[in-house]
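Hi,

Here is the structure I promised to pass on. Have a look at it first, and then read on for my notes on its aromatic pairs and nonpolar cores.

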Amino acid sequence: MATKINGLVNMYRVTADDWDSWRDVKSHFDVSRDFAASGLIGAEGLFGQSWPDLDMLPLGWLTDPGVNQGPHRSCALSIEEQRSQMTLWAMVKSPLMFGGDLRNIDDVTMSLITHPTLLAINAYGTNNKEFSGISFVRGSTHTEVKASPGSFKPISEQLLRLSNCQRENTKNWTIEPKNRNMNKVCWNDGWAMTSQLRMCLHWRVQPNASSYGEHNLRRNGQSYVLASLMEEICLDSSPNKALTFGRVKSNYFAPCNYHERQDWELTPDGALLNTYSGLCARVSKVEAMNEVDEARAWITNGSTGEIYIAFFNLGPNRLTISTELKDVLNMSHIRDKMGKNKGIDNEHQLESKCSGFDVWNNQDLGVVTDKLVSDVQSHGCALFILTCT
């Protein structure tokens, strides 16, 4: 579809809504790679060029999706994750649209969205593409893994979401009795019934709901709080901070406080409804990244001959990511100061002398003779500027 509309517009959305969860950020890497490989970054567009739009940057002071209230919480992404998002958006040359509250912007967020290197990459970068010539080592191990994007099979996972209750796929919840004080409510669509990871949540009556009586755990539209069996964390239609809930991958769990945001009812047609927000819980099947495919890199040329290269760690463990200088040069076109492209042959590669600068550590790397190497925290990134002569 993008090839049919890019000439009619100057920007167009290519992903679902992006919010401040790492899952949302991570989902943009494959999309970005594919649009770059198809030559659609900066392709012909309305009155000039067109740009794939990865959606807003949910940074700073935010509200929640589907909630009719003003900004009330900070971005849930760590600073490492925020840097990764901004760096990817810049590398992809996505339109940069701030999604937070400018009236309450903090210094860290302001410095990130106005970072001169990122803005230069976004505005002037050329030949932007994912770069497969990297290797990585996990943690303190000594086993090197060669990254090869696109060669790994995805893993199916379940994701809990909140959505409009009119959607047909919200009505698949059923009660499964467990004991007098605690029952389960389980998602029972066709795929979940055959999956070993079928999602079930524990629930109980709010402590102040004494009038419900001992036969309250039946599907009759009364309100309940969904909680973990082991921890006091509840399904919340508008949490201040997201928490993990066992195997459940969701942004909608928070410490139990028995606010109306955590009151739920199971309707006769099988929907799990929060009347405070008017939203229903549902479970969707998603394709998760194989853990071997946890390191990515992007590369682009600057306007005065410099080369920008970014390493991304998409996985849960610290990685040492590296690339050979000759592979970087093979993927780039060194430009002279007048901006004229020069092709690079093998002889020129051997003669090239490159100095490096680590952007996020603000460190001059001196002359890079062989490899570019960086320790990258989980969900973090490294960004380098190479100046070659």
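Let me start with W187, which is buried, with a relative accessible area of 1%. Please keep in mind that this is a predicted model. W173 is also at 1% relative accessibility and therefore counts as buried.

Now to the aromatic pairs: searching the whole structure turns up four of them. One of these joins F29 and F312, whose ring centres are 5.0 Å apart with the planes at 75 degrees, so they sit edge-to-face. F29 belongs to helix 3 (residues 28–37) and F312 to strand 20 (residues 307–313), so this pair ties together parts 283 residues apart in sequence. F29 and F312 are both buried.

The two tryptophans from the start also form a pair: the ring centres of W173 and W187 lie 5.1 Å apart and their planes are at 70 degrees, which makes this pair edge-to-face, since over 60 counts as such. Here the parts tied together are 14 residues apart in sequence, because W173 is in strand 10 (residues 173–176) and W187 in strand 11 (residues 183–187).

F312 comes up again in the largest nonpolar core, which has 36 residues; L59, W298, F312 and L383 are those with the most contacts inside it. Several elements supply at least two residues each to this core, among them helix 3, strand 20 and strand 25 (381–388). Helix 4 gives the largest share, six residues. There is also a second, separate core of 22 residues, including F136, C354, L386 and C388.

Enjoy exploring it!

Best wishes

How values were computed
Residues numbered from 1 in each chain as written. Predicted model: local features only at pLDDT ≥ 70, side-chain atom pairs only at ≥ 80, totals over all residues. Heavy atoms only, no water. Phe/Tyr/Trp six-rings, centres within 6.5 Å; stacked < 30°, edge-to-face > 60°. Helix = DSSP H or I, 4+ residues; strand = E, 2+ residues; numbered from the N terminus. Buried < 20%, exposed > 50% of the residue type's maximum accessible area, 1.4 Å probe, protein only. Core = buried A, V, L, I, M, F, W, Y, C linked by side-chain atoms within 4.5 Å.
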